[in-house]
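Hi,

Here is the structure I promised to pass on. Have a look, and my notes follow underneath.

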Amino acid sequence: MSNLKEIIPYDNEPVVHIPWTSERLEKFGVFPVVEVYIKDGDTTMLHTGAQIEVNAPAPAFTEMTIHNPANAVGFIVIT
């Protein structure tokens with residue numbers, strides 16, 4: 001298993017759309033690990049309240065949608 005990672009920053013976006021391209025599928029597979037982090041001043045925390053959806057069941061999905069109810073600043077990590 002490789003140690004690949006992609007970090008996607010966001011800034012006060014209530015919804016983040018991530019196209020699930022053939023490149024991402026090749027890097028992360030059908031069942032990626034997705035973690036959403038928020039920043040609060042100097043603190044960075046795992047955002048356990050973020051809702052993550054796909055537009056079709058695996059392996060057919062082509063887009064991932066991250067709902068950010070906190071409208072926070074942070075980043076998404078895909079591994």
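How many bridges join strand β3 to β4? Four bridges do, with β3 covering residues 34-40 and the two strands running antiparallel. Strands here are DSSP runs (E, at least two residues), numbered from the N terminus, and two strands pair if DSSP finds at least two bridges between them. I38 has M45 of β4 as its bridge partner, while D40 is matched with T43 in β4. Together β3 and β4 make a hairpin with two residues between them. In that turn, G41 has a positive phi of about 70°.

A quick word on the ground rules: this is a predicted model, so local features need pLDDT of at least 70 and side-chain atom pairs count only at pLDDT 80 or more, whereas totals for chains, interfaces and linings use all residues. Residues are numbered from 1 along each chain as its sequence is written, and side-chain values use heavy atoms, leaving out hydrogens and water.

Now the wider sheet. It is open, has four strands in the order β1-β7-β3-β4, and its pairing is antiparallel. β1 (6-11) and β4 (43-46) are at the edges with a single partner strand each, so one side of each has no neighbour in the sheet.

On confidence, the protein chain averages a pLDDT (the predictor's confidence in each residue, from 0 to 100) of 90, and 97% of the residues score at least 70. Among the chain's elements, β4 has the lowest mean pLDDT at 88, and strand β2 (residues 15-19) the highest at 96.

Cheers
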